[in-house]
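Visitor: I would like to learn how to read a few features of a fold, with the general idea given before the particular case. Could we begin with the way strands are paired?

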Amino acid sequence: MSGWRPTADLVSHFKSKGGSQRISNARRLAQATRVAEIYRDLTANGAEHVAVIDDLNDTPDSAPLAPLLGATDLRDAFLHPAFDDGGFPGTFGSCGKRNKIDYLLLSPALFDKVTGGGVERRTMWSGVRPKRWDVFPEHEDERDVGSDHAAIWVDLDLA
């Protein structure tokens, strides 16, 4: 196949902030360190198109995520010019800046292939006063929502 490049998708769900903050932070730090190691191994062995798709359960500026977000060349899809966050920078709860805990991290080669992207919140509770975003008709009540996390997506041109 002409133009084929090795690819990899890493999907994970890091430790929540529940329980002891010290223990939770240490666990997320270990998880971020290990995912960063796996990512470096993949790219060192020729994988150009790598996506790290995670509920990291922490914000971009957190110390536990630094090995992954600050010490690799992975790029957050939210930062791509073609990505539309719908006016809300977060992915959890009220989707404010401090609620950015879900990520679609892309290797530089894959980031360059993004043609669009966004956040799907129609299955999340949008609140009522004020209602923050539109929901599917089936999700008009907080008890009927699909998740407390938004889905993140990108379109890629891999041709």
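Visitor: In which sense, parallel or antiparallel, do β2 and β5 pair, and over how many bridges?

Guide: Please keep in mind throughout that this is a predicted model. Strands count as paired if at least two bridges are found between them, and here β2 and β5 pair in the antiparallel sense over 5 bridges. To follow the register, take alanine 51, whose bridge partner in β5 is leucine 106.

Visitor: Which way does β1 run relative to β2, parallel or antiparallel?

Guide: Strand β1, residues 7-13, runs parallel to β2 and is joined to it by 7 bridges; among the pairs, alanine 8 has valine 50 as its bridge partner in β2. Between these two strands the chain passes through helix α1, residues 21-44, and the resulting β-α-β crossover is right-handed.

Visitor: How many of the residues of β2 are buried?

Guide: Buried is the term for a relative accessible area under 20%, and 6 of the 7 residues in β2 are buried, so that the strand is mostly covered by the definition used here.

Visitor: What surrounds tyrosine 103, and which residues does it touch?

Guide: Start with its position, which is in strand β5, and with its accessibility: tyrosine 103 counts as buried because its relative accessibility is 1%. Contact requires heavy atoms within 4.5 Å, and, leaving aside residues up to four places away in sequence, tyrosine 103 touches a set of residues including Val52, Ile53, Asp54, Leu69 and Ile152. Asp58 is also one of those touched, and the backbone oxygen of aspartate 58 lies 2.7 Å from a polar atom of the tyrosine 103 side chain. For a view across the sequence, consider phenylalanine 78, which is 25 residues from tyrosine 103 along the chain, with 8.2 Å between their C-alpha atoms.

Visitor: Which sign does phi have at asparagine 57 and at cysteine 95, positive or negative?

Guide: As a general expectation, most residues other than glycine have a negative phi. Asparagine 57, however, has a positive phi near 55 degrees, and cysteine 95, likewise not a glycine, has a positive phi of about 65 degrees.

Visitor: Where are these two residues placed, and why do they count as buried?

Guide: Asparagine 57 is found in the loop between β2 (49-55) and α2 (66-69), and it counts as buried because its relative accessibility is 12%. Cysteine 95 has its place in the loop between β4 (83-84) and β5 (102-106), and cysteine 95 counts as buried because its relative accessibility is 0%.

Notes. Residues numbered from 1 in each chain as written. Predicted model: local features only at pLDDT ≥ 70, side-chain atom pairs only at ≥ 80, totals over all residues. Heavy atoms only, no water. Helix = DSSP H or I, 4+ residues; strand = E, 2+ residues; numbered from the N terminus. Buried < 20%, exposed > 50% of the residue type's maximum accessible area, 1.4 Å probe, protein only. Right-handed = clockwise from strand over helix to strand, strands pointing away. Polar contact = N/O pair within 3.5 Å; in protein donor to acceptor, adjacent residues only side chain to side chain.
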